[in-house]
Protein chains: 2
Amino acid sequence: MTRAMTEQPTRKTLPRLDESLLTHLPPFSRLEKRQIRTILDQASSRRYESGAAVFNEGDPAERFYMLLDGYVRVVRITPTGEQVTALHIPAGQLLGIAKAIGRETYPATAMTATESIVLSWPTSLWDTFVAEYDGFASETYKTLGHRVGEMNTRIVELATQQVEQRVANAILRLINQTGRKVEGGIEIDFPITRQDLSELTATTLHTVSRLLSSWEKRGLVESKRKRIKVCDPHALVVLSQG
Amino acid sequence: MTRAMTEQPTRKTLPRLDESLLTHLPPFSRLEKRQIRTILDQASSRRYESGAAVFNEGDPAERFYMLLDGYVRVVRITPTGEQVTALHIPAGQLLGIAKAIGRETYPATAMTATESIVLSWPTSLWDTFVAEYDGFASETYKTLGHRVGEMNTRIVELATQQVEQRVANAILRLINQTGRKVEGGIEIDFPITRQDLSELTATTLHTVSRLLSSWEKRGLVESKRKRIKVCDPHALVVLSQG
DNA sequence: CCCGAAGTTTGCGCCAGAGCAATATCGCGC
DNA sequence: GCGCGATATTGCTCTGGCGCAAACTTCGGG
């Protein structure tokens, strides 16, 4: 139920950032090398441990971020201390873009799911980015649109599907976003606990554990501590349609 | 469970639109009378019966809309035909703003909950509006931000609250958005069925009916067919916190 | 190598709320 | 004023999955 609050990320400015970090990322892909240089020179870079908070729900939105490497979970914490995961963000996406939707504070907490590398800029630069950099605004809003779609899907799932289907869907989505092909199947390439999955699917870690056990018996998945490998994706898809 | 699809809105261009329709609405409030005139001249206006679809999920987003009067429910329909209400939109807000989030199609269906009056413009004008009209973009994104917040809240509610709390919350939200003060309480000022409420809270009409009956016995609400009046809002708030 | 913390598995009982079904009521159209 | 379809109420049953509890496994640190 309640989870320990993990804390404080070690700040660390990396030597010097290379332009190639950004050139292939959608929000920046239409920009000149020179522009990217400017952007990088204004950025700070930070490494976060796994489980660290990049920003917290309700904090003033002083910076916006680009996740260079790792995974981030966007979670909300209820008055009773339960966590609900609203979204998973893979490397290469912006986060903390409260400004884009006219907010002064972050609407949710962002926690790293693995060790992660993050760039950030002060929110005061947001308007400049939007105005000066071709494609930045439109790509950002595309990301936003995608997230809205995901949230919508999650609402529909929560409203209509059984737990088994939700868990199957969640795993499939993780596999799609972050699957790594391995011997005998596809693995979610970051550590994920039963607890994490239960927060993602609005159930308990017990139920998730039972489901995984049962699937493992049937040969659909294999899982060790914090690792899940899907051996028969198609069967999972069938399950998820229920 | 499944609902009849109601259909086709009667098109009707009203005589001539008055500038005062828009001057006080946030997206247009900073504009000159002259600009508003231009905007109105490009708009078409339409009246929809209660229960009509303004646009459907998946349709190409050819127009965007401003709800002048009435209420609109934004719903998604599952493969099995169940409806899930994602959002309620009161008069004075934009809808169908797929373009704002980089989408080419509408992500959900918008159905009127009452007879409604709607203005619309071709999506091709979107960029012009954003570029030419001061405050239009920022107000739009504020609306969007607000909706994202609502969706988030709904996810958390679905994930953590009991049915009774969800129904109480839903009613309170409707009262806040659209409450009309009447003799002995506050009433939701559009017709809403048990079925509608169940789609809003991801439960069944039976359960909603039972809850309302029980609340009525305790004097918290009074309800007739399609009408709900809250007599003791505070008690409902207490319930909703559970 | 051992210990403790974190993560996982599994059994059991229970209950909120869904499903089913029958009946009652409302209000519109003719 | 009547009849029918849409809406609402209520009783009964059945079950998914949660809460609780206890044991087991894995891993990292000293």
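A polar contact, as I shall use the term, is a pair of N or O atoms within 3.5 Å. With that settled, good morning, and thank you for joining. The structure above is a predicted model, and a suitable place to enter it is the side chain of A:Thr204, where a polar atom lies 3.2 Å from a phosphate oxygen of DNA strand D.

Let me remain with strand D. Around this strand there are 16 residues, and the nearest are A:Val163, A:Thr203, A:Thr207, B:Arg194 and B:Arg225. Of the strand D atoms that come within 4 Å of the protein, 69% belong to sugar and phosphate. One of the nearest residues, B:Arg194, places a side-chain N or O atom 2.8 Å from a phosphate oxygen of the strand. A base is approached as well: the side chain of B:Arg210 has an N or O atom 3.2 Å from a base nitrogen of strand D. Two elements give two or more residues to this surface, namely H7 of chain A and H7 of chain B. Which of them gives the largest share? It is H7(B), with four residues.

I turn to DNA strand C. Here 17 residues surround the strand, with A:Ser209, A:Arg225, B:Val163, B:Thr203 and B:Thr207 the closest. Sugar and phosphate make up 62% of the strand C atoms found within 4 Å of the protein. On the phosphate side, an N or O atom in the side chain of B:Thr204 is 3.2 Å from a phosphate oxygen. On the base side, the side chain of A:Arg210 brings an N or O atom to 3.1 Å from a base nitrogen, and a polar side-chain atom of B:Arg225 lies 3.1 Å from a base oxygen. Helix H7 (205-217) of chain A and helix H7 (205-217) of chain B are the elements giving two or more residues to the surface near this strand. For strand C the largest share, five residues, comes from H7(A).

How are the two protein chains related? A turn of 180° with a shift of 0.0 Å along the axis lays chain B on chain A, with an RMSD of 0.1 Å. The copies are therefore related as by a two-fold rotation axis. Both copies use the same surface, in that 96% of the contact residues of chain B recur in chain A. The residue of chain B that comes closest to the axis is B:Ile155, whose C-alpha is 2.9 Å away.

Next, helix H6. In chain B this helix spans residues 194-201, and eight of its eight residues are buried. Among them are B:Arg194, B:Asp196 and B:Glu199. Just after the helix, B:Ala202 takes a positive phi of about 55°.

The helix H6 of chain A brings me to charged pairs. Side chains of opposite charge can pair when their charged atoms come close. Over all chains, the structure holds 30 salt bridges. In one of them, A:Asp196 meets A:Arg73, with the closest N and O atoms 3.7 Å apart. A:Asp196 belongs to helix H6 and A:Arg73 to strand E4 (residues 71-77), so this pair ties together parts that are 123 residues apart in sequence. A:Asp196 is buried at 11% relative accessibility, and A:Arg73 is buried at 6%.

A second bridge joins A:Asp134 and A:Arg30, at 3.6 Å from N to O. A:Asp134 sits in the loop between helix H3 (126-132) and H4, A:Arg30 in the loop between helix H1 (20-23) and helix H2 (33-42), 104 residues apart. Here A:Asp134 is partly exposed at 47%, and A:Arg30 is likewise partly exposed at 48%.

My third case is in chain B, where the closest N and O atoms of B:Arg173 and B:Glu157 are 2.5 Å apart in a salt bridge. This pair links helix H5 (residues 163-178) with helix H4. B:Glu157 is buried, at 11%, whereas B:Arg173 is partly exposed, at 25%. Beyond its sequence neighbours up to four places away, B:Glu157 touches B:Arg166, B:Asn169 and B:Arg173.

I close with a buried acid that lacks such a partner. A:Glu150, in helix H4 (residues 136-160) of chain A, is buried yet has no salt bridge. Why does A:Arg173, the nearest side chain of opposite charge, not count as a partner? It is 5.4 Å away, and a salt bridge requires the atoms to be within 4 Å. Outside its neighbours within four places in sequence, A:Glu150 is in contact with A:Leu87 and A:Gln177.

Note on methods:
Residues numbered from 1 in each chain as written. Chains lettered and ligands numbered in written order. Predicted model: local features only at pLDDT ≥ 70, side-chain atom pairs only at ≥ 80, totals over all residues. Heavy atoms only, no water. Buried < 20%, exposed > 50% of the residue type's maximum accessible area, 1.4 Å probe, protein only. Lys, Arg positive; Asp, Glu negative; His and termini not counted. Contact = heavy atoms within 4.5 Å. Least-squares fit on C-alpha atoms with pLDDT ≥ 70 in both. Near = heavy atom within 4 Å. Polar contact = N/O pair within 3.5 Å; in protein donor to acceptor, adjacent residues only side chain to side chain.
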